[in-house]
Amino acid sequence: MKILFLGDVMGRAGRAAVQTHLPRLREDWKLDFVVVNGENASNGMGLTGDHAKLLLEAGADCVTLGDHAFDQRDMQQFIEREPRVIRPLNFAKSAPGRGYRLFDAPGGRKVLVTQVLGQVFMKRPFDDPFSAIEPVLKSHPRGGLAQAVIVDMHCEATSEKMAMGHFCDGRASLVVGTHTHIPTADSQVLPGGTGYLSDAGMCGDYDSVIGMEKTEPMRRFLTGMPKARFTPATGEATLSGIYLETDDRSGAAQKVRMVRLGGRLQQAEP
Ligand SMILES: [Fe+2]
Ligand SMILES: [Fe+2]
């Protein structure tokens, strides 16, 4: 299966990049399944129902969220009506929506998508992601019930992301980090056939501080005194993520390639 995963869409610039590139990529790369992390798509904080629809219409089969899942309050209702939006499995016991779903892909194939939040350096304490994901992986065996298993590991620490990669190795087709908004250069296939990348990076303007217009974050670092709100940077965004090819029988990853299209981080297509 040919799969594309795109990192955190950041504000208007990020949404524009998805709308500009994704319809063409779906066709040119003959993509079977696309996951987009949308946790920052609405003004950099959370995701509205309207912007979730826009990402789905641009070609996402599934939209994942993150620690900002419900920053836009209408997501609390929207996620109950839209099963293609997935929130973190371990967000809160009372959270609306679902933390995993088995999706239909072309040719009768099934794709499991799930997301977990890490614990290291996160602002709010979340439940242990390893014990949260264990029963989901067990009940959706790769190469059995699911032809592909995609895990979005949403957290700060690269160590925690790598640990999740190895924890899922042999059971997931892809473990990909999100949340830091900075792409890492360690895409690989782990020994058990799990594609891995510590962070997909953001779909956003990289002339910024992790997607925010740089003046205010710099002022806060330099003076410790906030003066204005953070606003997403508005320059051309780079579409950032990972492309993956899997074996349909085993669900193992065969090929992984980092993707960075347009904007300041443009690189060659895979
Ligand atoms: Fe994010
Ligand atoms: Fe996040």
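Biologist: What does D67 count as in terms of relative accessibility?

Modeller: The general scale is that a residue is buried under 20% relative accessible area, exposed over 50% and partly exposed in between, with a 1.4 Å probe and protein chains only. At 22% relative accessibility, D67 counts as partly exposed, whereas E39, with a relative accessible area of 1%, is buried. Please keep in mind that this is a predicted model, in which local features need pLDDT of at least 70 and side-chain atom pairs count only at pLDDT 80 or more, while totals for chains, interfaces and linings use all residues. Residues are numbered from 1 along each chain as its sequence is written, chains are lettered from A and ligands numbered from 1 in the order in which they are written, and side-chain values use heavy atoms, with hydrogens and water left out.

Biologist: Which residues are the protein donors of the iron ion (ligand 2)?

Modeller: Donors are N, O and S atoms within 2.8 Å of the metal (3.2 Å for Na, K and Ca), and since water is not among the atoms, sites may look incomplete. For the iron ion (ligand 2) the protein donors are E39 (OE), D67 (OD), H154 (NE2) and H179 (ND1), which lie 2.1 Å from it. Along the chain these donors follow the spacing E-x27-D-x86-H-x24-H. E39 sits in the loop between β2 (33-37) and α2 (49-58), and D67 in the loop between β3 (62-64) and α3 (75-81), so this pair ties together parts that are 28 residues apart in sequence. Helices (H or I, at least four residues) and strands (E, at least two) are DSSP runs, numbered from the N terminus.

Biologist: Which residues coordinate the iron ion (ligand 1), and how many Å apart are the iron ion (ligand 1) and the iron ion (ligand 2)?

Modeller: D8 (OD), E39 (OE), N40 (OD1) and H181 (NE2) coordinate the iron ion (ligand 1) at 2.0 to 2.2 Å. The two iron ions, ligand 1 and ligand 2, are 3.5 Å apart, and E39 coordinates both. Both D8 and H181 are buried.

Biologist: What do the angles among the 4 donor atoms say about the site of the iron ion (ligand 1)?

Modeller: Ideal angles at a metal are 109.5 degrees for four tetrahedral donors, and 90 or 180 degrees for six octahedral ones. In practice, four donors count as tetrahedral if all angles lie between 85 and 135 degrees; four count as square planar and six as octahedral if opposite donors are over 155 degrees apart and all others between 65 and 115; anything else is irregular. The site of the iron ion (ligand 1), with angles of 83 to 170°, is irregular, and the site of the iron ion (ligand 2), with angles of 86 to 137°, is irregular as well.

Biologist: How many disulfides does a search of the whole structure find?

Modeller: A disulfide is a covalent bond between the sulfur atoms of two cysteines, and here the criterion is a pair of cysteine sulfur atoms within 2.5 Å. The search finds 0 disulfides; for C155, the nearest cysteine sulfur is that of C168, 12 Å away. At 0% relative accessibility, C155 counts as buried, and C168, at 0% relative accessibility, is likewise buried.

Biologist: Which residues of helix α4 are buried?

Modeller: An α-helix has 3.6 residues a turn, so residues three or four places apart point the same way. In α4 (residues 129-139), the buried residues are P129, I133, V136 and L137. They cover an arc of only 100° around the axis, which puts them on the same side of α4; the arc is that of the directions from the helix axis to the C-beta atoms.
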